[in-house]
Amino acid sequence: VGSSFFWANGLMPPTFAVSFSASAGTFTVAANGTFSGTVTLSPGAHTLTLSQTIAGTSSLGLSVPVAIVPPAPAITAPSNNAALPNGNNVVSGTGTPGTTLSVLDGATVIGVGTIAANGQYSITVPLAAGERVLTTTASNSGGPSAPSAAITVRVAANAPAITSPAAALSDAAGPFLIAGSGVPGATLTLYDNGAQLAQLLLPAD
């Protein structure tokens, strides 16, 4: 991202010179006491200082903080409405090289990295089961960008656990107890060599 333009204007006594620090620009005040102009600023945090000079004597400077933040990054993978496995998943996309990329699940930051020199990023993030809404932001010394366009992904639940039988059974004609645990609200299906034996819905929290 190149430099950005900042428009400054105000009201000063007529015929006085107005200047910005760091040689950003010098503006001449109009006869009615107003001044305006543009300065070119690079991305990041800046402090613009305004002073006026009369007969070789300068006033105290008036400082104004200005932040030029990166443009919003983009998410290229996973795709919107993708079905993902539970646990770690990779979020990829594009943004301003060298800026800090944050991946958010709703309002929570779940991963941070740096956008590469080619403008690409790939960050591994943990995703819990359920529907997740993901966005990214890019930050420099001026602060974070606007968020990227959001995507929604559907993350599978973890595999259920079998607590009984605790070990393989042999010479058992049955019946015997099958017990375990799963994610609240999930539908559990029990198979025997690929054939469905039972199906049940776990109560939601």
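Here a colleague asks a modeller how the words used for this predicted structure are earned.

Colleague: What should I know before we start?

Modeller: This is a predicted model, where local features need pLDDT of at least 70, side-chain atom pairs count only at pLDDT 80 or more, and totals for chains, interfaces and linings use all residues. Residues are numbered from 1 along each chain as its sequence is written, and side-chain values use heavy atoms, with hydrogens and water left out.

Colleague: What is the average pLDDT of the protein, and where does pLDDT stay under 50?

Modeller: pLDDT is the predictor's confidence in each residue, from 0 to 100. The protein averages 83, and 82% of the residues score at least 70. Over residues 11-22 pLDDT stays under 50, and the model has 47 contacts beyond four places in sequence for that stretch. Where pLDDT is low, the predicted coordinates should not be read in detail.

Colleague: How many helices and strands does the protein have?

Modeller: Zero helices and 20 strands. Both are DSSP runs numbered from the N terminus: helices are H or I with at least four residues, strands are E with at least two.

Colleague: Why is threonine 135 called buried?

Modeller: Buried means under 20% relative accessible area, exposed means over 50%, and partly exposed lies in between (1.4 Å probe, protein chains only). Threonine 135 has 13%, so the word is buried. This residue sits in strand β14, residues 130-140. Leaving aside neighbours within four places in sequence, threonine 135 is in contact (heavy atoms within 4.5 Å) with residues including Ile75, Val103, Leu104 and Pro147. Across the protein, buried residues make up 28% of the 205 residues.

Colleague: What makes arginine 132 and aspartate 105 a salt bridge?

Modeller: The term asks for a side-chain nitrogen of Lys or Arg within 4 Å of a carboxyl oxygen of Asp or Glu. The side chains of arginine 132 and aspartate 105 meet at 3.0 Å, N to O, so the pair fits the definition. Arginine 132 lies in strand β14 and aspartate 105 in strand β11 (residues 100-105), so the pair ties together parts that are 27 residues apart in sequence. Aspartate 105 is itself buried, at 14% relative accessible area. The structure holds one salt bridge. Side chains of opposite charge can pair when their charged atoms come close.

Colleague: What makes a set of residues a nonpolar core?

Modeller: The members are buried Ala, Val, Leu, Ile, Met, Phe, Trp, Tyr and Cys residues joined through side-chain atoms within 4.5 Å. The largest one here has 16 residues, and Val91, Tyr121, Leu127 and Val153 touch the most other members. Strands β11, β13 (120-127), β14 and β16 (151-155) each supply at least two residues of this core. The most come from β13, which gives four. A second, separate core of five residues includes Val39, Leu41, Leu48 and Ile68. In soluble globular proteins, nonpolar side chains tend to be buried together.

Colleague: Which residues make the nonpolar surface patch?

Modeller: Phe176, Ile178, Leu190 and Leu197 make it, over about 370 Å². Patches are made of residues with over 30% relative accessible area and no salt bridge; like charges are joined within 9 Å, and nonpolar side chains (Val, Leu, Ile, Met, Phe, Trp, Tyr) within 5 Å. Leucine 197, in strand β20 (residues 195-201), has 55% relative accessibility, so this residue counts as exposed.

Colleague: Is asparagine 81 called buried, partly exposed or exposed, and why?

Modeller: At 49% relative accessibility, asparagine 81 counts as partly exposed, because the value falls between the two cut-offs. Its place is in the loop between β8 and β9, and asparagine 81 has a positive phi of about 70° although it is not a glycine. In the loop between β19 (187-192) and β20, asparagine 193 also has a positive phi, near 50°. At 80% relative accessibility, asparagine 193 counts as exposed.

Colleague: What is the peptide bond from alanine 77 to proline 78 like?

Modeller: That bond is cis, with omega near 0°. Proline 78 lies in the loop between β8 (74-77) and β9 (83-84).

Notes:
Areas by Shrake-Rupley, 256 points an atom, 1.4 Å probe, with all protein chains shown as cover.
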